[in-house]
Amino acid sequence: MSQPPLGPADPTPGLPAPPGPSPAGATPPGRWSRMLPPTPLARRLSAQSVLFATGEGVFLTGSAVFFTQVVGLSATQVGLGLTIAGVVAFVLAVPLGRAADRVGPRRTWAVTAFAGAGLYALWPLISGFGGFVAMVVALEIVQTAGSAGRGAYTLDALPRGERVRSLAFMRAALNIGFTVGAGLGGLALAFESEAVIRAVPWVTAAVLLVNAVFIARLPDAAHDRAPVAAGSQVGPGALRNRGFLALTTCDGVLGTNQVLLNIVIPLWLVQETDAPPVLLAWLFGTNTVMAVLLQVAAARGVDSVASSLRAARISAGFFVLSCLVVLVTHDTVGWVTIALVWLGHVTVTGAELYQSAASWGFMSELSDPERRGEYQGAAQLGRTGGSVWAPALYTFLAVDGGTGGWLLIAAIVVVATLAMPAAARAAERHLAEHGSSGSGAAGSTTTSP
């Protein structure tokens, strides 16, 4: 089966992308170009995102019930097992990224997708804490390698000027898929039957098997046709790019908007305000709708390091505004509280949308094209370092620290954002000195527009 062309490679370092025709099959300018992903490949990747998220969403919705009633674990054991798996993934992130460079990004992504589907099919056979830990560690390894392959593939295969916009469509598609999956998982829970719950992983496995076949039928990217040979790379690896690690750590701090969204604001609402708990459903519904409808708009124009930094500043502005809005709800009552908490959730969702766009822009522009899988792993290390501490600290600062705590949360994000331009310049210098020809940083600049 013939596949559509993947678009031009990155331009020569230091020069802007040359003018020329749009990639084959690209959506022509006009109203439709704003409603659909820009190229056939981007549309296929968006469809794959819906498929993947539907399968994952089915299991995630009922996972707590499955782990406790079917596997037979306590909540403490579930948390401990997931923590162990997270530590393993953190340690192996860069080696797995390097493996994706050696094997080829799409090939790695496809193999791990098939492996993930197979592991989900085994879930109903697992019992006890030891089996649970072995399973979640295996899944985490597979998913980490697959994430490196997927990230490297999208940077490798998508035209540089369309990467961030395409990724925004893919992110919106993920939210649609998770919503569909959550609905199916909720339907399974409604039966209140252990037999039905036990079958949920098989539904996920079936959907993810189709997803794996879908990935296997995608066209090869450049580094699938010519994977990076062991020992052929010249210069230091991603972990030696201190500017990149610092930038992704700051990006991880900015990404703690998810901690505010999913943990701190819900706890604050329940413990510190008079808002009804049912409001949480409306808050998360608002977040989902905004993520689907506004992610592409938030990513518009993010096509360089400078525009990525601008998106990061906008994200930080929304983050700070959310802190300022939510902190006053401790002393408000009734509908005023409801309106302000809702506004706080809207603004922190704005922080999420612009931070995602900034993160994609940084990865597109500041990853060495010959080490994209490795840079995906290094980015995971940086973002984890920038966010792993946030749930405990933010919850303590907000709930126990009151106004001062909320202001300190905002200050942490502001400091991280102010540090990003210097980190980005250092990452660019590293690529200029040590990166491969055709670096993604070509033509970018960290100066503000």
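How many salt bridges does a search of the whole structure find? The count is eight. Keep in mind as you look around that this is a predicted model. Let's visit some of those bridges, then the core, a bent helix and a patch on the surface.

Start with Arg98 and Glu374, whose closest N and O atoms sit 3.6 Å apart in a salt bridge. Arg98 belongs to helix H3 and Glu374 to helix H14 (residues 372–385), so this pair ties together parts that are 276 residues apart in sequence. The two ends have unlike surroundings: Arg98 is partly exposed, with a relative accessible area of 33%, while Glu374 is buried, at 1%.

Now find Asp251 and Arg383, another salt bridge, with 3.2 Å from N to O. Here helix H9 (residues 242–254) supplies Asp251 and helix H14 supplies Arg383, so parts 132 residues apart in sequence get tied together. Asp251 counts as buried because its relative accessibility is 2%, and the cut-off for buried is under 20%. Arg383, at 24%, counts as partly exposed. Going back to Arg98 and Glu374 for a moment, salt bridges that share partners join these two and Arg371 into one network.

One more bridge: Asp220 pairs with Arg106, and their closest N and O atoms are 2.7 Å apart. Asp220 is in the loop between helix H7 (194–216) and helix H8 (222–225), whereas Arg106 is in helix H4 (residues 105–122), 114 residues away in the chain. Arg106 is buried at 11% relative accessibility, and Asp220 is partly exposed at 26%.

What about the inside? In soluble globular proteins, nonpolar side chains tend to be buried together. In this model, the largest nonpolar core has 79 residues, and Leu260, Leu366, Tyr394, Trp406 and Ile409 have the most contacts inside it. Helix H15 (residues 390–434) gives the largest share of this core, 14 residues. There's also a second, separate core of 26 residues, with Phe67, Trp123, Ile126 and Ala205 among them.

Leu260 also leads us to helix H10 (residues 257–272), where it is one of the buried residues, along with others including Val264, Pro266 and Trp268. A straight helix of 16 residues would span 22 Å, but H10 spans only 20 Å between its end C-alpha atoms. Look at Val264 and you'll see a bend of about 35°, with Pro266 following within four residues.

Finish on the outside, where Val87, Phe90, Val91 and Leu92 make a nonpolar surface patch of about 320 Å². Phe90 is in helix H3 (residues 75–103), and it counts as partly exposed at 35% relative accessibility.

Technical notes:
Residues are numbered from 1 along each chain as its sequence is written. This is a predicted model: local features need pLDDT of at least 70, side-chain atom pairs count only at pLDDT 80 or more; totals for chains, interfaces and linings use all residues. Side-chain values use heavy atoms; hydrogens and water are left out. Patches are made of residues with over 30% relative accessible area and no salt bridge: like charges are joined within 9 Å, nonpolar side chains (Val, Leu, Ile, Met, Phe, Trp, Tyr) within 5 Å. Accessible areas come from the Shrake-Rupley method with a 1.4 Å probe; for residues, only the protein chains shown count as cover. A salt bridge is a side-chain nitrogen of Lys or Arg within 4 Å of a carboxyl oxygen of Asp or Glu. Helices (H or I, at least four residues) and strands (E, at least two) are DSSP runs, numbered from the N terminus. Buried means under 20% relative accessible area, exposed over 50%, partly exposed in between (1.4 Å probe, protein chains only). A nonpolar core is a set of buried Ala, Val, Leu, Ile, Met, Phe, Trp, Tyr and Cys residues joined through side-chain atoms within 4.5 Å. The expected span of a helix is 1.5 Å times one less than its number of residues. The bend at a residue is the angle between axes fitted to the seven residues ending there and the seven starting there.
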